[in-house]
Amino acid sequence: MDIVLYPDPRLRAKNKAIDSFDDALAKTVREMFELMYATKGVGLAAPQVGLNIKLLVFNAAGDAENSESEIVLCNPKIKSKGKDKESAEEGCLSFPQIFGNVMRHVSIVIEAQNLQGDTFELELEDWQSRIFQHENDHLEGMLFIDRMTPASKAMVKNYLTDMREDYDANANT
Ligand code: CO
């Protein structure tokens, strides 16, 4: 399992709902957490490892020692969003070295299924809410560069051009 980098088309592809909650899914989730910790991330969505399914994992604490903070969401849906929004800096494992400010809802209520397929509801706030919205965007083929403030977007423009050139160079070898 490897991290898929921008502008790989799998980051923009449609993601399928999960319908079998089996051992293979649990194994995928474990591998995603391990890769996320190894790359110092706080969240990872399945398309970022080349799997176009509606699955995301995160751990706002960002380390394996705090495994009680691990959250696994299958087929997540947004139920409601609080009206307050906040801008803060985000990064993304599919864009190493690129950071920019993004507006997000401060609080959000979601519904999802766990690894057994049971549906549950969760209210997320602040940092957890931000991580969820970032990862959930990945499941819609949406990337944080699409939502960056104009000032941040302008600052990262050249890095994005470099990433597209690197991708094309690798694709042609
Ligand atoms: Co991301």
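Glu 90 is buried, with a relative accessible area of 5%; the term buried means under 20% relative accessible area, exposed means over 50%, and partly exposed lies in between (1.4 Å probe, protein chains only). The model is a predicted one, in which local features need pLDDT of at least 70 and side-chain atom pairs count only at pLDDT 80 or more, whereas totals for chains, interfaces and linings use all residues. Residues are numbered from 1 along each chain as its sequence is written, and side-chain values use heavy atoms, with hydrogens and water left out.

**Salt bridges**

Glu 90 is joined to Arg 104 by a salt bridge, a term that requires a side-chain nitrogen of Lys or Arg within 4 Å of a carboxyl oxygen of Asp or Glu. Arg 104 is in strand β5 and Glu 90 in strand β4, 14 residues apart, and the pair links distant parts of the chain. Helices (H or I, at least four residues) and strands (E, at least two) are DSSP runs, numbered from the N terminus. Arg 104 counts as buried, at 2% relative accessibility.

The structure holds eleven salt bridges, including the three in the table.

| Salt bridge | Closest N to O distance |
|---|---|
| Arg 104 and Glu 90 | 2.8 Å |
| Asp 137 and Arg 147 | 2.6 Å |
| Glu 140 and Lys 54 | 3.8 Å |

The salt bridge of Glu 140 with Lys 54 links distant parts of the chain: Glu 140 is in the loop between α2 and α3, and Lys 54 is in the loop between β1 (43-45) and β2 (55-59), 86 residues apart. Glu 140 is exposed, with a relative accessible area of 55%.

Asp 137 forms a salt bridge with Arg 147. Asp 137 lies in helix α2 and Arg 147 in helix α3, so this pair ties together parts that are ten residues apart in sequence. Asp 137 is buried at 8% relative accessibility, while Arg 147 is partly exposed at 38%. Through shared partners, salt bridges join Glu 90, Arg 104, Arg 130, Asp 137 and Arg 147 into one network.

**Aromatic pairs**

Rings of Phe, Tyr and Trp (its six-membered ring) pair if their centres lie within 6.5 Å; planes under 30 degrees apart count as stacked, over 60 as edge-to-face and the rest as tilted. By this rule there are three aromatic pairs. One of them, Phe 33 with Tyr 37, is stacked, at 6.0 Å centre to centre and 20° between the planes. Both residues lie in helix α1 (residues 23-38), four residues apart, about one turn of the helix. Phe 33 is buried at 1% relative accessibility, and Tyr 37 is buried with a relative accessible area of 12%.

The rings of Phe 95 and Phe 144 have centres 5.2 Å apart and planes at 65°, so this pair is edge-to-face. Phe 95 lies in the loop between β4 (85-90) and β5 (100-105) and Phe 144 in helix α3 (residues 144-147), so the pair ties together parts that are 49 residues apart in sequence. Both Phe 95 and Phe 144 are buried. Tyr 6 joins Phe 95 and Phe 144 in one aromatic cluster.

**Backbone features**

Tyr 6 is also joined to Pro 7 by a cis peptide bond, with omega about 5°. Pro 7 lies in the segment before α1. Gln 97, although not a glycine, has a positive phi of about 75°. Gln 97 lies in the loop between β4 and β5 and is exposed, with a relative accessible area of 67%.
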